[in-house]
Structure formats: C-alpha cells, structure tokens
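Student: I've got a model open and would like to talk through its fold. Can you take me through it?

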Amino acid sequence: MFGPIFSKPLSSKNNKTGSWRMGKRPKFLQTNCIACRMCILICPEGCIEGEDKNTYHCDYDYCKGCGNCVEICPRQDIVMIEDK
Amino acid sequence: MREDILFASGHTACAGCGQAIAARLVIESAGPNTIIANNTGCLEVFSTKYPESSWGVPWIHSLFENAAAVASGIESALQYLGKKNIQVIAQAGDGGTADIGLQALSGMWERGHNILSICYDNEAYMNTGIQRSSLTPLDSETTTTPVGEKSFGNPTLKKPVAEIALAHGIPYVATASVGFPQDLQKKIKKALSIRGPKYIQIHVPCPLGWRHEPNLTYRIARLAVETGLYPLIEYENGVLSSARKISVVAVEEYLKLQARFKHLLNNEEEIKKIQEIANNNIKRYSLS
C-alpha cells in the first residue's frame, strides 16, 4: 500500500481534453503559413503538428482552445472560430 | 502524431497554462536521455494524474521539498554505474524552489552534482489555491495577501533565487520565459552541455492565479520581459554573459492585463514603485 506507484509513459493520451473547450477553437487557415513552427512551440497541449508551409494543424481531441497559437502566429494564419 | 513525443497531450493543466508550455519545451530540448525528479506542485499534479502520466522519460516524484535530493541520488548512482550520457533534471515550481525545496536545492548546488535544476516561476502556490510564495512580486493579490484598505497585496519583493544560486559558485545560472520559447530552448541545451550544477528560472504565466484570459499567456510573458520586470539574463562561471535587450514598455501595459494587479490601476504611487523595480533591472543589466 505504501510502495511506489508507477504509470505507463505517455498514458495521459487517454484523456481527451478537447472536451474542455469553451465554445471556440483555432482554425489553421493554411494560406500564409511560413512554417516558422512558433505555434508548435507555444501550444500548452503539444497537440499541433506540421512540417512544410501550410501543413500545420492541431489535434482537436486534445486542444483546450486557449488561443495562444493565434496570438503567436506572425502571419495571422490561425484564427479562433465557433466550436461546433 | 509525432513519434518523438516526450511530454504527451491529455495532461490536466488549465487552458493556456504557461508551465505546461515550459515543461514541454524543457524536455524536448533535453531529449530522451533524461531522468527527471519533480517536486510537488502544479506540474507534478497535472502531468501525472494517476494512473496516467504525460512523461515519455523516467520521471519521479517523492515529496514537496526533495526533488533536488532525489536527483542528487540518481546522479550519484549514474556516476557509480559509469553511465555518462544520461542527464538529470530536478524541477519544481516557485514554491518548491524558493521556499520549501531551497534547502535540498542548496545542498545539491553546494555538493556540485551534475544536475540541471529548473524553477517554473508562476509567482505563487497555484495548485493549492494561489497563496503567496517568496517569488510572488510586489503588490500582487493572492489569497494570503488580499487587497484591502491598508493592503496593496503582497508587501515583499521577489526573492533573488538566481543570485542565491550564483552565490554557490555554480557554473551556469539563467532566467528564461515562455514568451521567448527559442531563447528558452537554447538555454536548456547550453546548460546541459555544461558539467556541474545549473539553475534556470522560467517565467510562466498562470491564467488561473494571475487572472488573465488563457490566450494572453504568451503576450503577458513577453510583456514581463519587455517592461524590464523579468530580465532574461545568463551567468556563466559567475560572470554576466548575456542580457536580452528590450524595447522598454511601461509596466502598466503588463499590469493591466492581469486581475491580480487590478487594484493598482488608479494608484500612481504603487505603480511608481513597480516601475522603479523595472528601471533598476534595466540599469543593472543594461537592458535598453
């Protein structure tokens, strides 16, 4: 009962935190993207991926809709939209 | 999804959590050959909600105060086993670093362990309900420094933990911010290339405790640096080796976005005191 407790690596993926979103989600327009990767760096969930220009997108299963990717994008290529 | 993930989605940090951004940047910069010891705190709680874990590297939590001691043991064991290519990180929030864990941390620095200690500085005990810590800034409202007729919030200045670290004679001390993610990554990589104890303090906005909109985490972190309130500095072998130049923004721009400072907005006298702190930093580190 008092022994160490272990968890499997990366098992938090079981929590689909996308359900936390409060009515808004980011939309990756994929038109003016320069592949600077800043959105990947700033995402608290680590749920954005992409390689070349205009390929960036996020995993809505985990995105909590905080909108920092919108704030950091130097080309205004990410916008917040109504979440349906 | 990417296969190189070391800090997985699905953790239970609040939307817009600055600490979650920093924690991921740290472990992605450090790479997979890393062992982490973590003090109690928000990061420990939200990244390891039992029975799940967000970590893709060996990670251990023991108590609030002892990550530095646990990390010291891990580092010594690795040395005994002759495993030279494994890095050890001891990490904590501001409470776990500057208050509760300072003794173990001081011991780790003083004994000269080859460990990187990281402080995620969100300027109060956010996990337990926003109580002040010794890294809470002047005039910040917390649940233990409420604002009233005779109180403007926290009456004390931030404890100079970076200077305490420097006083131990350790080879690398730096401050970083999630507002400057590439700078943060560079500093983590640089620190890990140096043998001996290292200390990096990262400014991480907390939407819950600082009471700002979740999407402003990045902007607020940048403003803290641009006002001069959180200078990004680097000390190598006790000598100031870099200080990020800033465009100098008035402190009100930083304060007005956060409800923890909202009682200051018509109080010129108190704002002057905070501007003074920024001015002193700008002068001391030649930031402008």
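**Helices, sheet and interface**

Tutor: Helix H7 (residues 181–192) of chain B lies across S3, S4, strand S7 (172–177), S8 and strand S9 (233–236) of chain B, where helices (H or I, at least four residues) and strands (E, at least two) are DSSP runs numbered from the N terminus. This is a predicted model, so local features need pLDDT of at least 70, side-chain atom pairs count only at pLDDT 80 or more, and totals for chains, interfaces and linings use all residues. Residues are numbered from 1 along each chain as its sequence is written, with chains lettered from A and ligands numbered from 1 in the order written.

Student: At about what angle does H7(B) run to S7(B)?

Tutor: Axes are lines fitted to C-alpha atoms, for helices over the stretch in contact (C-beta atoms, placed from the backbone, within 7 Å). Angles run from 0 to 180 degrees between N-to-C directions. For H7(B) against S7(B), that gives about 160°.

Student: Which strands are the edges of the open sheet of chain B?

Tutor: Strands pair if DSSP finds at least two bridges between them. The order in chain B is S2-S1-S3-S4-S8-S7-S9-S10, with mixed pairing. Each edge strand pairs on one side only, and those are S2 (59–61) and S10 (239–243) of chain B.

Student: Which residue in S8(B) is the bridge partner of Tyr120(B)?

Tutor: S4 (residues 116–121) and S8 (residues 198–203) of chain B run parallel, joined by six bridges. The partner of Tyr120(B) there is Ile202(B).

Terms used:
Two residues are in contact if their C-beta atoms, placed from the backbone, lie within 7 Å.
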